[in-house]
Amino acid sequence: MPVYAKVGSSQQDILTEAQARKRPELILMQTERLGTDHVATASGDWAVSRDTLLTMINEEKKYRRDSGFLVGGMLWDSDYEARLAYAEAKYKFAADSGYVVPNWKVSAGVWVTMNKPLFDKVYEAGEAHIAAAFDWQRRKEDELAAMPDSELNNFII
């Protein structure tokens, strides 16, 4: 039996042609639904839903934010635990510019002696890195908002 759906909905109805005529808001779909994360388009195709794409954008932002950044040729951690450590160190360096951490873990297997001049460089680069992740997310969400439903399957994260 043919599959019908309302544009923008993930609900599919398997109806006879006579049943479908009683529900003019439904369109004939070209295939059965691909999954609950897909919605019907006016062309009769299924497209990945905007909510699913927004979730994917958010996950990519988290990956970008938490994947680290380069300073002095070294990859510095930027996951939650590292950001917390940077915040704590910021207060310590503000209170005592001579404060030193003899064994600061930069990332897996990389250690440095952290002093205020190095910390200032790392903190500034970390802030720029985090801002870039959120700027990317904003651009992708704006791009998605401007995209017509019929094009959603072509959206690139």
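In the predicted model, the largest nonpolar core comprises 14 residues, of which Phe 69, Trp 76, Tyr 86, Trp 104, Met 114, Phe 119 and Val 122 touch the most other members. At least two residues of this core are supplied by each of β6, α3, β8 (101-107), β9 and α4, and the greatest contribution comes from α3, with four residues. In soluble globular proteins, nonpolar side chains tend to be buried together. Once neighbours within four places in sequence are set aside, Phe 69 is in contact with Met 74, Leu 75, Trp 76, Asp 77, Ser 78, Tyr 86, Val 122, Ala 125, Gly 126 and His 129. A second core, separate from the one above, consists of nine residues, among them Leu 53, Leu 144, Met 147 and Leu 152.

Helix α4 contributes to the largest core and was examined along its length. The helix runs over residues 116-146, and because 31 residues at 1.5 Å a residue should span 45 Å, the separation of 45 Å between its end C-alpha atoms agrees with expectation. At the start of α4, the backbone nitrogen of Leu 118 is approached to within 3.0 Å by a side-chain oxygen of Asn 115. The buried residues of the helix are Phe 119, Val 122, Gly 126, His 129, Ile 130, Ala 133, Trp 136, Gln 137, Lys 140 and Leu 144. An α-helix has 3.6 residues a turn, so residues three or four places apart point the same way. The elements that cover the buried residues of α4 include α2 (50-66), β6 (69-71), β7 (74-76), α3 (80-95) and β9 (110-114).

Of the elements that supply the largest core, β8 and β9 are joined to each other by four bridges and run antiparallel. Within this pairing, Val 101 has Met 114 of β9 as its bridge partner. The two strands form a hairpin with two residues between them, and Gly 109, located in the turn, has a positive phi of about 80 degrees.

A further sheet is open and is formed by three strands in the order β2-β1-β3, with antiparallel pairing. Because β2 (12-14) and β3 (26-28) stand at the edges, each with a single partner strand, one side of each is left without a neighbour in the sheet. Direction ignored, neighbouring strands of this sheet are turned against each other by 35 degrees on average. The antiparallel pairing of β1 (residues 3-6) with β2 extends over three bridges, and Val 3 has Ile 14 of β2 as its bridge partner.

Two charged residues were considered individually. Arg 33 is placed in the loop between β3 and β4 (38-40) and is partly exposed, with a relative accessible area of 29%. Residues up to four places away in sequence not being counted, Arg 33 touches Ser 10, Gln 11, Gln 12, His 38 and Trp 46; a polar atom of its side chain lies 2.6 Å from the backbone oxygen of Ser 10. Although Arg 33 and Gln 11 are 22 residues apart along the chain, their C-alpha atoms are separated by 8.3 Å.

Asp 66, by comparison, lies in helix α2 and is likewise partly exposed, with a relative accessible area of 30%. Under the exclusion of residues up to four places away in sequence, the residues touched by Asp 66 are Ser 78, Asp 79 and Arg 83. A separation of 26 Å is found between the C-alpha atoms of Asp 66 and Ser 49, which are 17 residues apart along the chain.

Definitions and conventions
Residues are numbered from 1 along each chain as its sequence is written. This is a predicted model: local features need pLDDT of at least 70, side-chain atom pairs count only at pLDDT 80 or more; totals for chains, interfaces and linings use all residues. Side-chain values use heavy atoms; hydrogens and water are left out. The expected span of a helix is 1.5 Å times one less than its number of residues. Buried means under 20% relative accessible area, exposed over 50%, partly exposed in between (1.4 Å probe, protein chains only). Contact means heavy atoms within 4.5 Å. A polar contact is a pair of N or O atoms within 3.5 Å; within protein, one must be able to donate a hydrogen and the other to accept it, and residues adjacent in sequence count only if both atoms are side-chain atoms. A nonpolar core is a set of buried Ala, Val, Leu, Ile, Met, Phe, Trp, Tyr and Cys residues joined through side-chain atoms within 4.5 Å. Two strands pair if DSSP finds at least two bridges between them. Axes are lines fitted to C-alpha atoms, for helices over the stretch in contact, and angles run from 0 to 180 degrees between N-to-C directions.
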